[in-house]
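Subject: Handing over a structure

Hello,

I am passing this structure on to you, and I hope you enjoy looking through it. Please open it alongside this message.

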Amino acid sequence: MRDTSQPRIDTIINALLAPAGAPGVYARTELFERAIEGLMQMITRNREPAAEVFTFPPVMSRGLLETAGYLKSFPHLLGCVSCLRGDEGSIRKAVEKEDWVEGLGATDLVLTPAACYPIYPLVAARGAVANDGQTFDVSSYCFRRETTHEAGRLQSFRMRENVCVGTPQAALSFRDRWIARAETIAKQLGLRYQIAPASDPFFGRVGKMMALSQVEQALKFEMLIPVRSEEEPTACMSFNYHQNHFSEIWNLRTKDGNLAHTTCVAFGLERLALALFATHGLDVPRWPSAARQILAM
Ligand code: 5GP
Ligand code: ZN
């Protein structure tokens, strides 16, 4: 049942986000950004001491994402940066046409679809990592060409990820530690949640089988929190064990010479912020004091 003491999600979105002319693309208000800022600080306090920090831009190398196999798994979600090329004359001619977009050509850049993609080649280029694992705290604006635009599904959103590259044991225990930490965080913030097995939205018929196998092998879990409704809670975090998928691609090895395994733990910042307002309402002074304190709001 929905908590009827709180406004509906469309009222919350109208108060916190301003439409920016395309579905799933919004301007963020100051209040919304204060919640995001609080969440980011809280994630920083929770990261492991040795974590190395990188902030990635919202674009990445197309070649690196191709090598990562993204086109096999999620071609339907990818956005590629296209530009007009040529000399002044040909560019002017292109933009004067009504269908000027036909003059566009793909560049060597794509829009980053998840914050962790750029980290694996970066680590691989440095050589082997310690057996007990190396950890990273990465963030990026992400883009996914989503076809539905229900509340909480954005085309452009921020993702913060904690990543481990190490032995299978190191990678898995990192994921377990983060699931425990995420539960503590959700409780402290007063959020109702469940941790559920999940799968990625792999493309096509083969993709359906990949998704089934991902669930069977317990490779992905999500933290679901009511945002739109209690009955259909929203994935606000994910806990992903890639086994040696990325290590095979990038030849990521541990010092013992074996292929590394990797895990990533992703926080969807806009969804977490919406979950806070959906749960506690728009009147921040009336939020539970523990949540306000943690978020410095
Ligand atoms: P994943 O890589 O597991 O699909 O996504 C990681 C996290 O990013 C999700 O748990 C979610 O919080 C956030 N996320 C994924 N897709 C979207 C989206 O379409 N809109 C928003 N706002 N967040 C998303
Ligand atoms: Zn990831």
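Below is what turned up, beginning with the cavities and moving on to a helix and a single residue.

Please keep in mind that this is a predicted model.

**The cavities**

How many cavities of 30 Å³ or more does a search of the whole structure find? There are two. The largest cavity holds about 50 Å³ of space. If you would like to display its lining, select Ala182, Ile185, Ala186, Leu189, Leu191, Met223, Ile225, Met237, Phe267 and Leu272. Two elements give two or more residues each to this lining, namely helix H7 (168–188) and strand S10 (220–225). H7 supplies the largest share, with three residues. As for chemical class, the lining of the largest cavity has ten nonpolar residues, no polar ones and no charged ones.

The second largest cavity has about 30 Å³ of space. Around it you will find Ile13, Leu17, Tyr26, His149, Glu150, Ala151, Gly152, Arg153, Leu154 and Leu274. Here the lining is made up of six nonpolar, two polar and two charged residues.

**Helix H10**

Helix H10 covers residues 269–280. One of its residues, Leu272, lines the largest cavity, while Leu274 is in the lining of the second largest. Both of these leucines are among the buried residues of H10. In fact the helix is mostly covered, as eleven of its twelve residues are buried. Besides the two leucines, the buried set includes Glu270, Phe277, Thr279 and His280.

The length of H10 can be checked too. At 1.5 Å a residue, its twelve residues should span 16 Å, and the end C-alpha atoms lie 17 Å apart, so the two values agree. Just beyond the helix comes Gly281, which has a positive phi of about 90°.

**Ser139**

One last residue to look at is Ser139, which sits in strand S7 (residues 134–143). Is Ser139 buried or exposed? Its relative accessible area is 18%, and buried means under 20%, so Ser139 counts as buried. Which residues is Ser139 in contact with, leaving aside its neighbours within four places in sequence? They are Phe54, Thr55, Phe56, Ala115, Met159 and Arg160.

Happy exploring, and do write back with any questions.

Best wishes

Methods. Residues are numbered from 1 along each chain as its sequence is written. Chains are lettered from A and ligands numbered from 1 in the order in which they are written. This is a predicted model: local features need pLDDT of at least 70, side-chain atom pairs count only at pLDDT 80 or more; totals for chains, interfaces and linings use all residues. Side-chain values use heavy atoms; hydrogens and water are left out. On a 1 Å grid over the protein atoms alone, a cavity is a set of points where a 1.4 Å probe fits but cannot get out, and a pocket is an open set with protein on both sides within 12 Å along at least five of seven lines; lining residues have an atom within 4 Å of a point. Grid points are joined across faces, edges and corners, and a volume is the space filled by probe spheres set on the points. Helices (H or I, at least four residues) and strands (E, at least two) are DSSP runs, numbered from the N terminus. Ala, Val, Leu, Ile, Met, Phe, Trp, Tyr, Cys and Pro count as nonpolar, Asp, Glu, Lys and Arg as charged, and the others, Gly among them, as polar. The expected span of a helix is 1.5 Å times one less than its number of residues. Buried means under 20% relative accessible area, exposed over 50%, partly exposed in between (1.4 Å probe, protein chains only). Contact means heavy atoms within 4.5 Å.
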